[in-house]
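The paragraphs below lead through a predicted model, beginning with a single residue and moving outward from there to other parts of the fold. Please keep the sequence and the structure in view while reading.

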Amino acid sequence: MSSILIVDDERDIRELIGDILRDEGFIVRLAGNSDDCMAEINADPPSLIILDIWLKDSRMDGIDILKTVKRNNPDVPVVIISGHGNIEIAVAAIKQGAYDFIEKPFNIDQLMVVVTRAMETSRLRRENSELRRRDTTSAEMIGSSSAFRTLRQQLDKVTKSNGRVMLTGPAGSGKEMAARYIHTNSARGEAAFVTVSSAGIEPERMEDVLFGRETTERGLEKGLLEQAHGGVVYLDEVAEMPLGTQSKLLRVLVEQQFTRVGGVEKVRVDLRVISSTSRDLRTEIAAGRFRQELYDRLNVVPIAVPSLADRRDDIPELARHFLELLHKAQGLPLRRLSPDAEATLQTMPWPGNVRQLRNVIERVLILGEGSGPIEPAELPGLEGAPAMDGRLSIGGLIASMALREARELFEREYLLTQINRFGGNISRTASFVGMERSALHRKLKSLGVVKGNGTEDQA
């Protein structure tokens with residue numbers, strides 16, 4: 001249950017209220033002056049503040065604290081109490097954003113009614129805030145290849161800890177999806193997942209975006225780190241972060257607190273950090289573009305996310321997933337892939353990886369006609385290819401070869417394509433091409449295709 005902060009300069013009063021609320025099952029925190037009050041709020045914002053309007057020997061009175069809370073933590077309701085109450089003070093407090101006003105000496109039943117309603121208001125505000133800031137992008141992981149199973153096993157292990165994870169892999173391979181999978185299946189799964197797109201933020205704005213800022217004109221603007229409090233912050237393409245910001249981020253990782261741009265008060269945050277990069281950070285460190293200390297802090301658990309070329313077995317499954325997803329999300333036609341189209345997708349180059357595959361499927365659904373199976377001729381780069389006469393286009397190189405040489409070249413490239421398609425699995429390749437496994441081994445050897453040439457003898 002969330003906590004209630006009681007702020008009153010009279011010890012007997014704050015302890016009495018605390019005892020009453022504890023008896024009702026609430027978690028209670030106490031503060032006797034404004035400094036203790038602000039320290040408690042900055043350490044962990046409560047769900048409700050019960051605040052005395054007059055605070056002896058304090059820098060701020062109740063109205064000042066109320067203004068600060070409404071500026072920095074607008075979702076936290078504040079109930080004002082005072083032994084010197086009158087209608088003017090009550091009106092002033094309500095105008096400044098107080099949830100309610102209770103005059104001392106108070107009736108316990110009245111206090112409990114106000115507290116119960118205020119706590120319900122706080123709960124609803126927190127839920128609405130979480131829904132607004134939480135990115136609901138799916139964290140579903142799709143695949144069954146050996147490379148994917150290895151990745152999934154590594155991700156499952158790190159979900160059980162709070163350690164920092166560094167995801168490496170080419171652009172479009174699914175690093176953010178892996179980060180979301182860790183978040184969703186961890187103890188922080190109900191908290192925020194906030195993405196910092198390092199490559200998409202202008203360097204001069206990076207610190208404002210990360211740490212937030214305070215100005216007299218616009219008041220307090222929370223940064224992404226503060227928005228991620230209690231949850232996960234995902235530093236996408238962290239190598240793109242400016243060196244100056246890297247130093248400040250390093251201090252946040254060490255101290256778990258920071259100061260907003262233009263502010264003076266420390267903001268404490270509880271974060272799990274997951275980062276990603278498609279660059280070699282050791283090369284970036286050697287070139288002076290990335291801080292060694294930050295790398296050491298972020299790279300606690302390194303996990304490599306494989307490219308789509310390393311998990312071609314997953315392409316048909318991923319393509320079917322995107323067909324269904326795009327039908328549900330965008331209302332595009334629900335079509336299926338023909339066996340020939342699936343095989344073609346498995347043999348195509350994918351420099352953009354999983355992201356490129358999704359884009360290809362979306363393009364086919366948008367530009368395609370009818371609701372029948374998707375055929376190879378509809379795939380990008382294959383439009384207009386002969387679909388019925390069965391002829392292949394022969395280039396100048398193969399046209400200049402003798403039949404024996406051309407046949408060997410074709411066999412070699414064909415078998416390499418099929419082996420890559422089936423992720424190096426010799427048994428599945430042999431079954432598809434219609435050869436005995438031993439015969440396929442002999443053929444590969446005669447063509448100069450051996451295990452050291454990129455194939456694996458997988459069962």
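**From a loop residue to the sheet**

The starting point is L337, which is found in the loop that runs between helices α13 and α14. Is this residue buried or exposed? Its relative accessible area is 7%, and because the cut-off for a buried residue is under 20%, L337 counts as buried. Leaving aside residues up to four places away in sequence, L337 touches A319, L323, E342, L345 and I374. A further residue to locate is P373, which is 36 residues from L337 in sequence, while the C-alpha atoms of the two are 5.3 Å apart in space.

Two of these names, E342 and L345, come up again in helix α14, which spans residues 339-347 and in which A341, E342, A343, T344, L345 and Q346 are buried. The helices against which the buried residues of α14 pack are α13 (315-330), α15 (353-367) and α17 (403-421).

A second loop residue can be read in a similar manner. R260 has its place in the loop between β11 (257-259) and β12 (266-268), and with a relative accessibility of 6% this arginine counts as buried. Which side chain does the side chain of R260 meet in a polar contact? The partner is the side chain of E214, at 2.7 Å. With residues up to four places away in sequence again not counted, R260 touches E214 together with N72, F211, G212, R213, L220, E226 and V267.

One of those contacts, N72, leads towards the sheet, since helix α3 covers residues 62-72. The sheet itself is open and is formed by five strands in the order β2-β1-β3-β4-β5, with parallel pairing. Its edge strands, each of which pairs on one side only, are β2 (27-31) and β5 (100-103), and from one strand to the next the twist averages 20 degrees. Within this arrangement, strand β3 (residues 48-52) and strand β4 (residues 78-82) run parallel and are joined by four bridges, and L51 stands opposite I80 in β4.

Two helices that pack on the sheet complete this part of the picture. Helix α1 (residues 11-23) touches β1 (3-7), β2, β3 and β4, and its direction makes about 175 degrees with that of β2. Helix α3 touches β3 and β4, and the direction of α3 makes about 160 degrees with that of β3.

Definitions and conventions: Residues numbered from 1 in each chain as written. Predicted model: local features only at pLDDT ≥ 70, side-chain atom pairs only at ≥ 80, totals over all residues. Heavy atoms only, no water. Pairing = 2+ DSSP bridges. Axes fitted to C-alpha atoms, helices over the stretch in contact; angles between N-to-C directions. Contact = heavy atoms within 4.5 Å. Buried < 20%, exposed > 50% of the residue type's maximum accessible area, 1.4 Å probe, protein only. Polar contact = N/O pair within 3.5 Å; in protein donor to acceptor, adjacent residues only side chain to side chain.
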